[in-house]
Amino acid sequence: AESPHKASGNYGLADMVASLRWVKSNIAAFGGDPGNVTVFGQSAGAMAIGSLVSSPETKGLIHRAIGQSGSWMGLGPSAAFATRARAEETGLKAATDAGATTAEQLRAMSAADVTAKFRSAGMIVDGWIIPEDPSDVFAAGRQNPVDVLVGSNRDDLSFGPAQNVTPEQFEQRARPRWGALADEFLSLYPHATDEEASKSQADSSNDGAFWHMRLFADYQKKQGRQAWLFYFAQNPPGPAGQPAFPAAHASEIPYAFNNLGKPALFPDPSEPALSAASAPDRKVADQMSSYWVNFARSGNPNGAGLPTWQEHRIGDSDRAMILDADPSSERLPAKARLELYDKLYAQMRAAR
């Protein structure tokens with residue numbers, strides 16, 4: 001009721017929009033160019049970036065965007081954004097359970113109480129920053145016309161607890177998600193043994209993440225913008241006698257910043273000091289950080305001394321820049337699997 005936009009929620013995104021407006025008004029005084037602004041983020045940050053690209057509030061404030069392992073739907077196809085009305089219902093119940101019935105009582109609560117008694121609603125269709133579901137905006141080609149550099153990691157979803165599943169569990173989980181496509185999904189992802197089922201569980205999630213980043217690139221290409229797709233596959237080295245750590249979610253961050261000696265975002269068995277001392281890892285970090293800077297400068301990641309990065313082509317699942325010390329040893333997710341995700345997304349949108 002107090003909002004001049006009659007909106008609520010998305011305060012993190014609103015802060016980002018405010019910072020972009022500040023940059024637009026002030027960055028020239030610091031030697032920056034308000035007409036050449038790049039935003040980038042990873043995971044939840046990349047989800048925010050994708051949503052901001054869809055927002056009318058960022059029109060003219062963003063010229064390029066980098067998304068690492070995530071975009072507006074998350075790490076793969078998902079259902080529609082929650083509406084403000086639904087979020088308000090959830091919030092009202094939580095407030096009532098916490099003993100607060102007015103905005104004044106909520107504002108008087110301590111940060112500790114708020115943290116203990118409420119949980120984030122995530123991004124919602126608030127009627128202002130996100131006036132409509134970003135999936136609808138992108139499908140209609142009404143998002144902001146920005147260049148993008150986007151991609152995901154080969155082992156993106158391996159950063160959490162291992163998802164060990166049996167063949168029976170794998171099939172049981174597949175049918176409600178994939179519906180009429182379940183048999184095709186099960187034929188593409190081997191699951192005859194516990195080991196196969198567990199690997200396919202991870203592979204399917206990783207494929208979904210790459211699919212979403214490819215979709216983002218497709219949408220921007222359809223607008224006539226430059227789009228560049230990557231697939232990060234470098235394994236950070238582990239302690240002596242231990243296998244290298246997977247190219248997991250967030251493992252690319254030290255490479256993007258060319259800062260290998262710092263601890264990982266998520267604690268893992270890799271050793272930053274070994275990465276910093278490793279010639280192959282330093283090579284990937286130098287190349288990756290150079291690509292990122294070149295893209296921010298001109299919209300094209302290519303530059304002197306770097307392997308040529310070919311621009312994305314719409315619907316092309318056979319080409320992406322593999323970021324690895326030995327890219328010839330890697331391969332992209334199977335084309336048939338990505339095409340199945342196309343079908344799943346069409347099925348999900350048709351059911352809305």
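Two exercises follow, on strand β6 and on Q234.

The model is predicted, so local features need pLDDT of at least 70 and side-chain atom pairs pLDDT 80 or more, while totals for chains, interfaces and linings use all residues. Residues are numbered from 1 along each chain as its sequence is written, and side-chain values use heavy atoms, without hydrogens and water.

**Exercise 1. Place strand β6 among its neighbours.**

Which residues form β6, and which strands pair with β6?

Step 1. Find the strand. β6 covers residues 227-232. Strands here are DSSP runs of E, at least two residues, and helices are runs of H or I, at least four, numbered from the N terminus.

Step 2. Check burial. Buried means under 20% relative accessible area, exposed over 50%, partly exposed in between (1.4 Å probe, protein chains only). In β6, 6 of 6 residues are buried. A227, L229 and Y231 lie on one side; W228, F230 and F232 lie on the other.

Step 3. Find the partners. Strands pair if DSSP finds at least two bridges between them. β5 (residues 147-153) pairs with β6 in the parallel sense over 6 bridges. There, V150 stands opposite L229. β7 (residues 321-323) also runs parallel to β6, with 3 bridges. Here F232 has L323 as its bridge partner.

**Exercise 2. Describe the setting of Q234.**

Is Q234 buried or exposed?

Step 1. Locate Q234. The residue sits in the loop between β6 and α10 (253-256).

Step 2. Read the accessibility. Q234 counts as buried because its relative accessibility is 5%.

Step 3. List contacts (heavy atoms within 4.5 Å). Beyond four places in sequence, Q234 touches residues including Y255, P280, D281 and L323.

Step 4. Look for a polar contact (N or O atoms within 3.5 Å, one able to donate a hydrogen and the other to accept it within protein; residues adjacent in sequence count only if both atoms are side-chain atoms). The side chains of Q234 and D281 make one at 3.1 Å.
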